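Visitor: Can you take me through this structure? I'm new to this, so plain sentences please.

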Amino acid sequence: MHLAQGAVVCSPDGSVQLGAGSAVRENATVVGTARNPVTVGEKTSLGPRSLLLGATTGHLCEVGAGAILMPGSQLGDRCLVSEGALVPPGMWVPSDSVVVGRPARVVRRVDTGDLERLRMTRGGSLTLPEQPLTPFFAKDRAEDAPMGQLYSFRDKHPLVHPTATLFSSCEVTGDVIIGPGSIIGPGVRIVGESHVPLRIGAGVRIHANTVIHLQLGGSLVLEDGVLLGPGCVVHGCFVGANTVVEPGAILCDRSRLGRGCVVGAGSMVRAGTLFPDAAQVDGFPAVQTGFLSSLPPVPPWSLRPEDLPELRRVS
């Protein structure tokens, strides 16, 4: 089992199982929940910046860089998922399939050349080790570790409310304000280098390996209750209160989302695009696909404030 630099695995109540010989590459994110546990088969590889959220993979699978597997999706054995593909919730992919696209579709079956490449990248053998899983046990409470890494930039220093929670592996740099009760998850990078502060409101939740960047001349505001999923990329934009941005989405400079919106997983909101309150937004590039009749619910993969006392680091 190999966990690369920047990889994040969240396994509340033992909800993630990683098979023998599997690999979670650089900045990949794996999140399980009691409702949607994760099982990764033996000798399966999750590529850099890939996202696996409450999904299941078989043995000898290859998940490409930046691919997203949403809750309830399932891969059979020896499946190949292309870079950037989005496997939607509940999709079942039969064994020996090649999958591409957003949303994903099966385009062909694995051929002898694919199997040979799998063999070469797995030590010359497709034999499964069939080793029993080794449990990891809680060591220290997460909040007993240093909370976040804060850096000054051009004489500007982050201001963090004392009730906010910053995971020890997140980094906050420059002119950044983080409001009360906000949660900044593992591997998150927040960089403010403009003439105005990068403002994060109260009760905002920013999940694993998301990158937030404000360049000189722009502005970036996340209003109260905004929720950013794992692996998002957010540049200078405005996100209205209680908006949910699903995993792997990209928000470009000068874009604006109203209050109570939902941005679909893997979507890309183009620079300068404006969406009203309660907009359902999806696509690459994103368009409005409907209106919401009520505030979006908290997704099952989201960290909750009540989860924080139970977080533990493992040895």
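**Strands, sheets and spaces**

Guide: This is a predicted model. To begin with one pairing, strand 27 and strand 30 (residues 233-234) run parallel and are joined by 2 bridges.

Visitor: Which residue is the bridge partner of Val 211 in strand 30?

Guide: Val 233 is the partner of Val 211 there.

Visitor: And how many bridges join strand 24 to strand 27?

Guide: There are 4 bridges between strand 24 (residues 189-192) and strand 27 (residues 211-214), and these two also run parallel. Val 211 appears again here, as the bridge partner of Arg 189.

Visitor: What holds paired strands together in general?

Guide: Strands of a sheet pair through backbone hydrogen bonds, in a parallel or an antiparallel way.

Visitor: OK, sheets. What is the strand order in the open sheet of 8 strands?

Guide: The order is 20-23-26-29-32-35-38-39, and the pairing is mixed. Strand 20 (165-166) and strand 39 are at the edges with a single partner strand each, so each has one side without a neighbour in the sheet.

Visitor: Which way do strand 26 and strand 29 run?

Guide: Strand 26 (residues 205-206) and strand 29 (residues 227-228) run parallel, joined by 2 bridges. Ile 206 has Leu 228 in strand 29 as its bridge partner.

Visitor: What about strand 35 and strand 38, parallel or antiparallel?

Guide: Parallel: strand 35 (residues 262-263) pairs with strand 38 (residues 279-283) over 2 bridges. Val 263 has Val 281 as its bridge partner in strand 38.

Visitor: And strand 38 with strand 39, parallel or antiparallel?

Guide: Antiparallel, with 5 bridges between strand 38 and strand 39 (residues 286-291). Two of the contacts can be named: Gln 280 stands opposite Gly 290, and Asp 282 has Val 287 as its bridge partner.

Visitor: How many residues lie between strand 38 and strand 39?

Guide: The two strands form a hairpin with 2 residues between them. Pro 285 is found in that loop between strand 38 and strand 39. The peptide bond leading from Phe 284 to Pro 285 is cis, and its omega is near 10°.

Visitor: Where does Pro 103 lie?

Guide: Pro 103 is in the loop between strand 15 (97-100) and strand 16 (105-109). A cis peptide bond joins Arg 102 to Pro 103, with omega about 0°.

Visitor: What about Lys 43, what is its phi?

Guide: Lys 43 has a positive phi of about 55°, although it is not a glycine. It is placed in the loop between strand 6 (38-40) and strand 7 (45-46).

Visitor: Back to sheets. What order do the strands take in the open sheet of 5 strands?

Guide: They are ordered 2-5-8-10-13, and the pairing is parallel. Strand 2 (8-10) and strand 13 (86-87) stand at the edges with a single partner strand each, so one side of each has no neighbour in the sheet.

Visitor: How many bridges join strand 2 to strand 5?

Guide: Strand 2 and strand 5 (residues 29-31) are joined by 3 bridges and run parallel. Val 9 has Val 30 in strand 5 as its bridge partner.

Visitor: Which residues make the nonpolar surface patch?

Guide: Val 9 takes part in a patch of about 260 Å² together with Met 1 and Leu 3. Leu 3 belongs to strand 1 (residues 2-3).

Visitor: Now empty space. How is it found?

Guide: A probe the size of a water molecule is rolled over the atoms, which shows where empty space is left.

Visitor: How many cavities of 30 Å³ or more does the structure hold?

Guide: It holds 1. The largest cavity has a volume of about 40 Å³.

Visitor: Which residues line the largest cavity?

Guide: The lining is made of Val 31, Thr 33, Asn 36, Leu 53, Gly 54, Pro 71, Pro 300 and Trp 301. Of these, 5 are nonpolar, 3 are polar and none is charged.

Visitor: And how much space lies in the second largest pocket?

Guide: About 380 Å³. The second largest pocket has 22 lining residues, and those nearest its centre are Met 70, Pro 89, Glu 246, Gly 264 and Ala 265.

Visitor: How does the lining of the second largest pocket divide, and how many are charged?

Guide: The lining of that pocket has 15 nonpolar, 4 polar and 3 charged residues.

Note on methods: Residues are numbered from 1 along each chain as its sequence is written. This is a predicted model: local features need pLDDT of at least 70, side-chain atom pairs count only at pLDDT 80 or more; totals for chains, interfaces and linings use all residues. Side-chain values use heavy atoms; hydrogens and water are left out. On a 1 Å grid over the protein atoms alone, a cavity is a set of points where a 1.4 Å probe fits but cannot get out, and a pocket is an open set with protein on both sides within 12 Å along at least five of seven lines; lining residues have an atom within 4 Å of a point. Grid points are joined across faces, edges and corners, and a volume is the space filled by probe spheres set on the points. Ala, Val, Leu, Ile, Met, Phe, Trp, Tyr, Cys and Pro count as nonpolar, Asp, Glu, Lys and Arg as charged, and the others, Gly among them, as polar. Patches are made of residues with over 30% relative accessible area and no salt bridge: like charges are joined within 9 Å, nonpolar side chains (Val, Leu, Ile, Met, Phe, Trp, Tyr) within 5 Å. Accessible areas come from the Shrake-Rupley method with a 1.4 Å probe; for residues, only the protein chains shown count as cover. A salt bridge is a side-chain nitrogen of Lys or Arg within 4 Å of a carboxyl oxygen of Asp or Glu. Two strands pair if DSSP finds at least two bridges between them.
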